[in-house]
Amino acid sequence: MTANPDTSSPDGSPLDWTDDGHPRSRRFGDIYFSREDGLAESRAVFLEGCGLPEAWAGRDRFVVGELGFGAGLNILALLELWRRTRPPGGQLSIFSIEAFPVRAEDMLRAVARWPQIADLAALLAARWPGRARGFHRVELPELGAVLDLAVMPVEDALAAWSGSADAWFLDGFSPALNPQMWSEAVMAAVTARSAPDARAATFTVAGAVRRGLQAAGFAIEKRPGYGRKRERLEARLTGPAPTRPNRPRVAVVGAGIAGVSAVRALRALGLAPQLFEASGPGAGGSGNPAALVTPRLDAGLGPVAELAAQTFARAVALYEAIDGAVLSRGVLQLVQGERDPERFARIAASDLFEPGTVAAIGSEAASLRLGEPAPAGLDLTRALVIAPDRVLAAWAGDWRGEAVGAVTRQDGAWVLSDPAGGELWRGEAVVLAAGAEIARLCPGLMITPVRGQASWVARPQRPAASSQGGYVLPTRDGLLFGATHDRGDTGTEVRPEDHQRNLDTLATTRPDLASQIVLEDLEGRAALRAATADYLPLAGAAPEAPPGLFLLGGFGSRGFSFAPLLAEHVAAGVAGAPSPLPRALAELVDPDRFQRRAARRGRISVQTSR
């Protein structure tokens with residue numbers, strides 16, 4: 001089964017409508033919910049069937065999994081109940097799977113008959129997850145809830161998810177029409193992703209479903225059905241009640257894009273982090289007047305490409321929600337080598353990006369866009385140029401202007417000390433997000449400093465954004481271009497010769513624009529980026545360290561694209577919540593990956609670099 005619908009209508013929807021206005025699946029020939037009263041059915045079969053709201057009473061966090069997101073009605077019913085009965089400070093995590101997602105307008109039409117959930121439907125529609133293959137995160141802070149939608153086949157999604165559900169809504173289409181959703185392998189995977197004492201509910205009592213749940217370890221019970229269905233199933237894993245860990249005290253070190261992203265993500269999960277930054281937000285590599293938000297392009301379309309696509313999509317969604325953060329939309333990635341046209345065509349045809357957001361364009365269209373002769377390229381229509389100061393201000397909140405000299409473990413707690421050894425803070429978890437400084441605070445990491453100097457100038461006409469080796473970005477009052485990339489150089493002074501290097505690079509890609517710039521008019525800034533040996537970030541628990549120490553960095557020049565989603569992954573590890581990253585992508589950025597690779601090669605440490 002593919003992740004994108006192949007039986008959809010010309011407008012891209014996988015459903016059509018019955019004569020009486022009910023949504024019906026084109027692929028499976030089945031209705032999405034009961035004709036009698038779909039909302040009442042969801043409440044009776046799934047909410048009551050999983051013992052809600054009693055099951056979440058007194059819980060800080062409750063996790064619901066769903067097989068079959070459909071038109072979103074079960075989730076809306078769940079959110080409406082959660083809103084009415086949410087425990088004080090409680091956080092709801094939802095993981096739902098849908099290989100053939102509907103559009104937001106389809107959802108609104110499908111649930112329009114129930115005014116009691118109209119406001120929730122509008123809220124969800126405004127943040128509707130996409131249709132690209134992968135995981136999509138939707139935050140609902142008004143409700144203390146987070147939804148992760150997996151757009152992929154059910155077995156792939158269950159294998160990729162790292163969470164444990166307290167309740168499962170088993171709501172695929174009829175077992176007779178969609179047997180893959182109800183196989184014993186799927187039921188076994190559900191069990192493997194269940195918390196102790198988890199409950200499950202479904203509308204069907206088909207023998208294959210009963211046997212699959214029982215074989216997976218669930219005790220099942222038939223209950224009176226809803227509407228025309230005589231019976232439904234309730235299931236429960238026998239075992240101890242889940243533990244209820246205390247919310248950890250957590251500190252974040254560094255207030256660039258990595259650190260403020262971590263603060264935002266931790267707060268979204270109900271935690272209250274303290275942010276430490278000696279020189280203020282944006283003092284390091286995140287302090288330029290403009291920043292580029294584009295995906296790393298990988299024509300292999302494997303895990304690295306998936307990571308790039310999902311981090312990019314999440315970053316765009318979050319920045320677009322910040323007032324005044326977006327300076328311009330759309331970036332042209334121009335051809336550099338003879339293989340680029342083929343690479344760009346493969347990327348544009350993939351299902352990793354939302355339909356219509358990545359397109360290969362010819363030289364004529366690119367030249368018209370840039371206002372001077374240009375080669376063919378890839379039109380990244382959702383790419384952004386953003387104002388870093390707006391993002392940092394929106395996410396940092398209060399911060400402590402103190403330098404962290406050391407991070408140590410004392411008496412079962414993590415302790416931050418100042419350079420003189422005085423204690424600044426102690427608690428259960430620390431997120432190191434201080435760029436190249438991470439290597440000092442957590443020795444032994446494979447992080448290399450990379451000096452980058454950007455150049456900018458004020459001018460009345462702001463250019464269209466493009467990238468081709470170097471980049472050109474509009475600022476609020478002109479343009480920014482660059483940047484140099486000097487591995488191992490730790491100087492942060494602005495150098496005239498590097499302005500010249502940036503101008504020379506600009507002249508090779510956009511000569512008409514470069515000819516209008518006078519070297520003496522340039523302003524600039526130099527800062528250190530942090531790079532790893534494999535050019536992938538670090539996001540997760542620190543290797544060979546006691547629990548509670550986390551790393552977020554190694555972004556190179558792509559911090560504004562990578563940081564928001566990877567910060568949510570790290571925050572999930574701190575809070576004990578489900579991660580928004582599929583397992584394979586989490587492994588790509590696991591800080592322990594270098595040690596694992598070395599162990600597989602029979603070596604103690606890795607010294608390679610490029």
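In this predicted model, pLDDT stays under 50 over residues 1-8, a segment for which the model nevertheless has 28 contacts beyond four places in sequence. Residues 604-610 likewise have a pLDDT below 50, and this stretch has 11 contacts beyond near neighbours in sequence. The protein chain averages a pLDDT of 91, and 94% of the residues score at least 70. The points below concern an open sheet of 8 strands, a pair of cis peptide bonds, residues with positive phi, and the surroundings of Asp-486.

**The eight-stranded sheet**

- The open sheet has mixed pairing, and its strands follow the order β5-β6-β4-β3-β7-β8-β10-β9.
- Its edges are formed by β5 (134-140) and β9 (218-224), each of which pairs on one side only.
- From one strand to the next, the twist averages 15 degrees.
- Helix α1 packs on this sheet, where it touches β7 (165-170), β8 and β10. The direction of α1 makes about 140 degrees with that of β8.

**Pairing around β10**

- Strand β10 comprises residues 231-237 and pairs with β8 in the antiparallel sense over 4 bridges. Within this pairing, Ala-201 has Glu-234 of β10 as its bridge partner.
- β10 also runs antiparallel to β9, to which 7 bridges join it. Here the bridge partner of Pro-224 is Glu-231 in β10.
- β9 and β10 form a hairpin, with 6 residues between the two strands. In the turn, Gly-227 has a positive phi of about 60 degrees.

**Positive phi outside glycine**

- Asp-197 is not a glycine, yet its phi is positive at about 65 degrees. This residue is placed in strand β8, which spans residues 194-202; β8 is the strand that pairs with β10 over 4 bridges.
- Leu-301, also a residue other than glycine, has a positive phi near 55 degrees. Leu-301 is found in the loop between β13 (291-293) and α9 (303-320).
- Leu-301 counts as partly exposed because its relative accessibility is 24%, and the partly exposed class runs between 20% and 50%.

**Cis peptide bonds**

- Leu-52 and Pro-53 are joined by a cis peptide bond with omega at about 15 degrees. Pro-53 is found in the loop between α1 (38-47) and β3 (61-67). Of these two flanking elements, α1 packs on the sheet and β3 stands between β4 and β7 in the strand order.
- A cis peptide bond also runs from Gly-482 to Ala-483, with omega near -10 degrees. Ala-483 lies in the loop between β24 (478-482) and β25 (486-487).

**Asp-486 and its contacts**

- Asp-486 lies in strand β25, which follows the loop that holds Ala-483.
- Asp-486 is classed as buried because its relative accessible area is 17%, and the class requires a value under 20%.
- Leaving aside residues up to four places away in sequence, Asp-486 touches Pro-449, Val-450, Arg-451, Asp-498 and Arg-501.
- With Arg-501, the contact includes a polar one: the side chains of Asp-486 and Arg-501 are joined by a polar contact of 3.1 Å.

Methods:
Residues are numbered from 1 along each chain as its sequence is written. This is a predicted model: local features need pLDDT of at least 70, side-chain atom pairs count only at pLDDT 80 or more; totals for chains, interfaces and linings use all residues. Side-chain values use heavy atoms; hydrogens and water are left out. pLDDT is the predictor's confidence in each residue, from 0 to 100. Contact means heavy atoms within 4.5 Å. Buried means under 20% relative accessible area, exposed over 50%, partly exposed in between (1.4 Å probe, protein chains only). A polar contact is a pair of N or O atoms within 3.5 Å; within protein, one must be able to donate a hydrogen and the other to accept it, and residues adjacent in sequence count only if both atoms are side-chain atoms. Two strands pair if DSSP finds at least two bridges between them. Axes are lines fitted to C-alpha atoms, for helices over the stretch in contact, and angles run from 0 to 180 degrees between N-to-C directions.
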